[in-house]
Amino acid sequence: MAIGLILAFLLLSLLVSGVNEAFVRLLGIRSKFLWAYLRDTLDGGPEEGKSWIPSKIADIFAKLPFSKDDPRPVHSPDPAPSVVEPMRVDPVAVPAAEEPATDGSIANTAEGLAAGEATGEPAAESAAGKPAEGFAPIDMTARLYERLQEIDHPKGARTSIANIPPERFSGAVMELASAEENGIEGLLAKLEAINSPLAGHLRGVWEGAQRDMGKFRKGVENWFDGEMQRLSMLYGRYVKLVVFALGVVLTLVFSMDALEYGKTLLRDNAYRTGVTAIAGGGGDGYAALRDKCAGSEVGVAEPYGCVTESLSSPALVKIFDHALVSVTMPPEDSDEPSFHWNGGAWWDRLITPGHWPGYLLTMVALLFGASFWWDVLRRLTGVRGQRS
């Protein structure tokens, strides 16, 4: 019974994981989740007070997977530009530095950034938070993607990058800073001018590194690595909600009552024990054999056929017999399996309160995942995994 129940939970868990992974890959959920975080961190939410990352249960199933506002940048097959252009911002919106920067860099001043205005290229926002006349908002996420597009590969119109190594992220930040006249100080001043949330994070790392370039880059790596760990935990919580929803749907579709299935396994074992007793010369199991064969299709007149049919169809292979569409494996003289529509019987089982505790037990068991049940099955059967 234990092996049968564990195997049932393992098969259902594998099905849940497979369906979930198929949707994740088809809809690019991991990539969308990463770039939603980057949008929030680099440019802020799509609207004031809102976030790209879903915060409600309904958003998890609708906003991120199916929203028209895809947070991912458009995929580009070209390599990263060889020359990084500086950010063109309104010099009035850029605060002047209070003291000269260290490491030989020049203090950031509004006059030093006035060259950006002369180019006439659109860029940042004014100090009031609105784009100044002649300047358009800067897409910092797109600027970051320019430095990362070499690790991208074509998979639709949007980027498929779902993982950014911390070293690559810090390298991209350093490349963006190198394009500014005043280095890190210039980049921070312009990020503050466009109200980028990244400005506060980098400012803290810069001051904590005592304005040392080497320590700053290492600090950016550590900060981004910590953010990715936090993001992974958040993604894991969202995945659990999706897995639970899929578990509920599959449990009801297959009408998998764990308690009833356990009883079926016990009865099947008792019947087989009776057949073994008869084969050994005892008559204790004849009653069980007679009751079993009397209700079978082959009838009492053919006990050998009844025994053969019963032993070739143990309860273990009847896990999903009560599904909406059941599958019967063919005998040796048949070519194809047979499918049966069980709509009426399935609905009767679904609305019967006696099956609800078994359904609930199955749903809870699926939350542990396929890896958990595989490990339990290996421990129970004594099968050991290979070690390198």
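# Exercises on loops, helices and side-chain pairs

Q210 is placed in the loop between α9 and α10 (213-254), where helices (DSSP runs of H or I, at least four residues) are numbered from the N terminus, as are strands (runs of E, at least two). The model is predicted, with local features requiring pLDDT of at least 70 and side-chain atom pairs counting only at pLDDT 80 or more, whereas totals for chains, interfaces and linings use all residues. Residue numbers run from 1 along each chain as its sequence is written, and side-chain values rest on heavy atoms, with hydrogens and water left out.

## Backbone in two loops

Determine the sign of phi at Q210 and at N195, and state whether Q210 is buried or exposed.

Begin with the general expectation: most residues other than glycine have a negative phi. Q210, although not a glycine, has a positive phi of about 55 degrees. Turning to the surface, the relative accessibility of Q210 is 64%, and Q210 therefore counts as exposed, given that buried means under 20% relative accessible area, exposed over 50%, and partly exposed in between, with a 1.4 Å probe and protein chains only.

N195 is likewise not a glycine and has a positive phi, of about 60 degrees. N195 is found in the loop between α8 (183-193) and α9 (198-208), and its relative accessible area of 45% makes it partly exposed.

## Surroundings of T141

Decide which residues T141 touches, leaving aside those up to four places away in sequence.

First locate the residue: T141 belongs to helix α6, which spans residues 140-148. Next consider its accessibility, which is 0%, so that T141 counts as buried. Finally list the contacts (heavy atoms within 4.5 Å): beyond the excluded sequence neighbours, T141 touches W35, L38, R39, L42, D43 and P73.

## The buried side of α14

Work out which residues of helix α14 (residues 343-350) are buried.

The buried residues of α14 are G343, W346, R349 and L350. Because they cover an arc of only 130 degrees around the axis, they lie on the same side of α14, the arc being that of the directions from the helix axis to the C-beta atoms.

## Aromatic pairs

Establish how many aromatic pairs a search of the whole structure finds, and why the pair of W206 and F216 is edge-to-face.

The search of the whole structure gives twelve aromatic pairs. Rings of Phe, Tyr and Trp (its six-membered ring) pair if their centres lie within 6.5 Å, and planes under 30 degrees apart count as stacked, over 60 as edge-to-face and the rest as tilted. For W206 and F216 the ring centres are 5.3 Å apart and the planes stand at 85 degrees, so this pair is edge-to-face. Since W206 lies in helix α9 and F216 in helix α10, the pair ties together parts ten residues apart in sequence. W206 is buried at 2% relative accessible area, and F216 is buried at 1%.

A further pair is W223 and F224, whose ring centres lie 6.4 Å apart with planes at 50 degrees, so that it is tilted. W223, with a relative accessible area of 16%, is buried, and F224 is buried at 0%. In addition, F9, F368, F372 and W373 form one aromatic cluster.

## Salt bridges

Find how many salt bridges the rule gives, and which residues one network joins through shared partners.

As a general point, side chains of opposite charge can pair when their charged atoms come close. With a salt bridge defined as a side-chain nitrogen of Lys or Arg within 4 Å of a carboxyl oxygen of Asp or Glu, the count comes to 19. One of these joins R168 and E150 at 3.4 Å, N to O. This pair links distant parts of the chain, 18 residues apart, with R168 in helix α7 (residues 166-178) and E150 in the loop between α6 and α7. R168 is partly exposed, at 27% relative accessible area.

Within α10, E221 and K218 meet in a salt bridge of 3.8 Å, N to O, and, being three residues apart in that helix, they are separated by about one helical turn. E221 is buried at 13% relative accessible area, whereas K218 is partly exposed at 48%.

Within α16 (residues 370-381), D375 and R379 lie four residues apart, about one turn of the helix, and their side chains form a salt bridge of 2.9 Å, N to O. D375 is partly exposed at 25%, whereas R379 is exposed at 68%. Lastly, salt bridges that share partners join E185, E192, R203, E207 and R211 into one network.
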